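Here is a set of short exercises to work through with the model open beside you. Try each task before reading its solution.

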Amino acid sequence: MNDAAPLLEVEDLVKHFPVKGRGLLQRATQAVQAVDGVSFSVRRGETFSIVGESGCGKSTTARLVTRLLAPTSGTVRLDGKDISTLPERQLRPLRRDVQMIFQDPYSSLNPRHTVGKIVGAPFRLQDVEPEGGRKRAVQELLSLVGLSPEHYNRYPHEFSGGQRQRIGIARTLALKPKLIVADEPVSALDVSIQAQVVNLLEDLQDELGLTYVMIAHDLSVVRHVSDRVAVMYLGKIVEVADRDDLYEHPRHPYTAAMLSAVPVPDTRRRTERERIRLQGDVPSPIDPPPGCRFHTRCWKATEVCRTEEPPLVQIGPAPGHLAACHHPEEK
Amino acid sequence: MSLMTPTSPEASRHTGPYLQVEDLRVHFETDDGTVKSVDGLSFAVEKGKTLGIVGESGSGKSVTSMAVMGLHTSKNARISGSIKVDGQELVGAPIDVVRRLRGQKMAMIFQDPLSAMHPYYTVGNQIVEAYRIHNDVSKKAARAHAIDMLDRVGIPSPRDRVDAYPHQFSGGMRQRAMIAMALSCDPSLLIADEPTTALDVTVQAQILDLIRDLQREFHSAVVIITHDLGVVAELADDIVVMYAGRKAEHGSAEQLFGEPQHPYAWGLLGSMPRFDRPPTERLLPIKGTPPSLINVPEGCAFNPRCEFSSRVPGERCVTDRPEALDAGGGHRVACHLPTAQRRQIWADEIAPRLA
């Protein structure tokens, strides 16, 4: 496979969840438009993050990429191969290449299984016999993520949140996947533990050449770990750019507002900072506003925003900086 | 209708801090041993001021707030020390007395408004109920007051929304409704326990602005409990950093962010990716994990994770528990390192690492 070609290509991905009607037949008349035409690509070895507020469709996107959900339409290509229409029976080989880290280390590990069984599960399910035996492979994985190999026979409840997240990470690494999708991997952890896990994820990436798709809402963590960042709002990507471009020169008003709202641990900033106050709440994804979906909360909205949907296009000098806005910010 | 219900004359008799907590201990007996959730905590908040209590999960910050509100049952919690609200002692006070104060003089905002509000009653009903318990007014007047409160916290078309159920509100609106409920009796002490943790960042900014504006208007004492140093930097005048049920550091926000002196505070700052500074290569986490509250380490509870305990002569970090002593200007630090040496370490070793 050509190394320059992107590892993951997502094109016009759509996922609508039908909502049952109230009538006798409960016909689905409406749909939650969770993901509505999302396109992006992820290069080998990079960390691509998707940020946005709850309900914007970032977790659904993660589940579509890993094929835990089947898309309504659109394509997902991994290494050039379309995986979006694979029937369920043929998904198992895919799981070798794509693995997922979950948010909650308490519910993502089976409490009745030992750590050895949990981390060794991928070997068992995929019928892989690693060199030196499964037990040794599991113990090597445990030390790779900073746990002791002696933890093999213990149960999840004996571990703290951060250690459990390490167990989950060891499990995702078992089959040497090409792509790891991490859905809020550190948001359930305490600050001091969060930093340990973030460092671990970065070390593993350097060591094993992993590619990450990270879903997160903490903009400080995202800035720390990402190479490129996409911002989603109501099922659409509103801006994609290299990390520094996005954080220093946000073009979409929503990105700018979100960045200005992040609290900073420094009292001197209290007075200096200009904060953009957004009005109101995110509209319902069942009936998203016409035109630009952000126009109901945007202070720059004009008539064109209410009627015409802005395309996601290159804006500004930085290559690969795309934004979907009729009146992009200029800085 | 005015929001400021006239306070009774005896309410303003007391002078000094509105909330004064001294040597508070909250212990729970369990089969595995005594959990010392809060173990000798003291702080005070004056009217018009905001105190931030910061700590990680299990540091005792929420247990403290529940103790102040009188929400621990005497069956399993052993509470000692003193909690004075407006000069009135709450530890050991009869349940009725505490109940009368709760809502009237002190109110609480919880983290998760979906579970803190009753799903079966309308938002308006719940505010009316709280208001009428403490004020002898007609249903009609109470309803008008509820609409007024919803309007004040920024709920659009409050006249219609007052009859909506909690599930019909978005997360941010529910949090606003809960703030309206908490403020309905014009309490002088407001405790906010992780008020924005469940909210998105743009909504969080709205709620923090709201709390700040309301405090200015009502001139209340506010205690904000959070794990997010960013949130306290936005709101708090004074900050208490808690670790394993005790105070690690206590000072003004300027002291704490300008020149933090406890190794744990340094560790927290190093663990956070800084949004306001150029990105760094690596985060600098604190090693290890927070201790179990059944088996708190001897001496300084932080010593197994502390980078600097080797610089303290002898084995004091392992044998003596440090008290939060004044390090100048009311900045209290519970650490065996001498103040001058801590200042030196901060200036020479920690601050450059964080920049």
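**Exercise 1. Describe the fold of chain B in numbers.**

Task: Count the helices and strands of chain B, and decide how its radius of gyration fits a compact globule.

Solution. Keep in mind throughout that this is a predicted model.
- Step 1: Chain B contains 13 helices and twelve strands.
- Step 2: A compact globule of 355 residues would have a radius of gyration near 20 Å, and the 21 Å of chain B agrees with that.
- Step 3: Along the principal axes, the C-alpha atoms of chain B fill a box of roughly 70 × 50 × 40 Å.
- Step 4: Of the 355 residues in chain B, 54% count as buried.
- Step 5: Take the contacts in chain B between residues at least 6 apart in sequence; 66% of them join residues at least 24 apart.
- Step 6: The accessible surface of chain B is about 15500 Å², and carbon and sulfur atoms account for 50% of it.

**Exercise 2. Do the same for chain A.**

Task: What are the secondary structure content, the radius of gyration and the buried share of chain A?

Solution.
- Step 1: Chain A has eleven helices and twelve strands.
- Step 2: For 331 residues the globule rule gives a radius of gyration near 20 Å; chain A has 21 Å, which agrees.
- Step 3: The C-alpha trace of chain A spans about 65 × 60 × 45 Å along its principal axes.
- Step 4: Buried residues make up 55% of chain A.
- Step 5: Among contacts in chain A between residues at least 6 apart in sequence, 64% join residues at least 24 apart.
- Step 6: Chain A exposes about 15000 Å², with 48% supplied by carbon and sulfur atoms.

**Exercise 3. Look for disulfides.**

Task: How many disulfides does the whole structure hold, and why is A:C305 not bonded to A:C292?

Solution.
- Step 1: Recall that a disulfide is a covalent bond between the sulfur atoms of two cysteines.
- Step 2: The cut-off needed here is a sulfur pair within 2.5 Å.
- Step 3: The cysteine sulfur closest to that of A:C305 belongs to A:C292, and at 5.9 Å it is too far for a bond. A:C305 itself is buried, at 6% relative accessibility.
- Step 4: In chain B, the sulfur of B:C306 has its closest cysteine sulfur in B:C335, 6.3 Å away, so this pair is too far apart as well. B:C306 is also buried, with a relative accessible area of 12%.
- Step 5: Over all chains, the search finds zero disulfides.

**Exercise 4. Follow the aromatic rings.**

Task: How many aromatic pairs are there over all chains, and which elements hold A:Y247 and B:F275?

Solution.
- Step 1: The structure holds ten aromatic pairs.
- Step 2: One of them is A:Y247 with B:F275, edge-to-face at 5.8 Å centre to centre and with 70° between the planes.
- Step 3: A:Y247 lies in helix α8 (residues 243–248) of chain A, while B:F275 is in the loop between α11 (263–271) and α12 (316–319) of chain B, so the pair joins two chains.
- Step 4: Both A:Y247 and B:F275 are buried.
- Step 5: Another edge-to-face pair is B:Y120 with B:Y121, at 5.6 Å centre to centre and 90° between the planes. Here B:Y120 is exposed at 62% relative accessibility, and B:Y121 is partly exposed at 41%.
- Step 6: Ring pairs also link A:Y233, A:Y254 and A:F294 into a cluster.
- Step 7: Charges join in too. The charged end of A:R223 sits over the ring of B:F275, 6.0 Å from its centre, and A:K135 lies over the face of A:Y152, 4.9 Å from the ring centre.

**Exercise 5. Explore two helices of chain A.**

Task: Is helix α3 mostly covered or mostly uncovered, and which residues does A:L208 touch?

Solution.
- Step 1: Helix α3 (residues 115–126) is mostly covered, with nine of its twelve residues buried. Among them are A:I118, A:V119 and A:F123.
- Step 2: These buried residues of α3(A) pack against α2 (91–97), α4 (134–144) and α5 (161–173) of chain A.
- Step 3: Just after α3(A), A:D127 takes a positive phi of about 60°.
- Step 4: Now move to A:L208, in helix α6 (residues 191–208). A:L208 is partly exposed, with a relative accessible area of 40%.
- Step 5: Not counting residues up to four places away in sequence, A:L208 touches A:L144 and A:L173. A:L173 is 35 residues from A:L208 in sequence, yet 9.4 Å away in space, C-alpha to C-alpha.

Note on methods: Residues numbered from 1 in each chain as written. Chains lettered and ligands numbered in written order. Predicted model: local features only at pLDDT ≥ 70, side-chain atom pairs only at ≥ 80, totals over all residues. Heavy atoms only, no water. Buried < 20%, exposed > 50% of the residue type's maximum accessible area, 1.4 Å probe, protein only. Phe/Tyr/Trp six-rings, centres within 6.5 Å; stacked < 30°, edge-to-face > 60°. Helix = DSSP H or I, 4+ residues; strand = E, 2+ residues; numbered from the N terminus. Lys NZ or Arg CZ within 6 Å of the ring centre and 35° of its normal. Rg over C-alpha atoms; globule rule 2.2 N^0.38 Å. Contact = heavy atoms within 4.5 Å. Areas by Shrake-Rupley, 256 points an atom, 1.4 Å probe, with all protein chains shown as cover.
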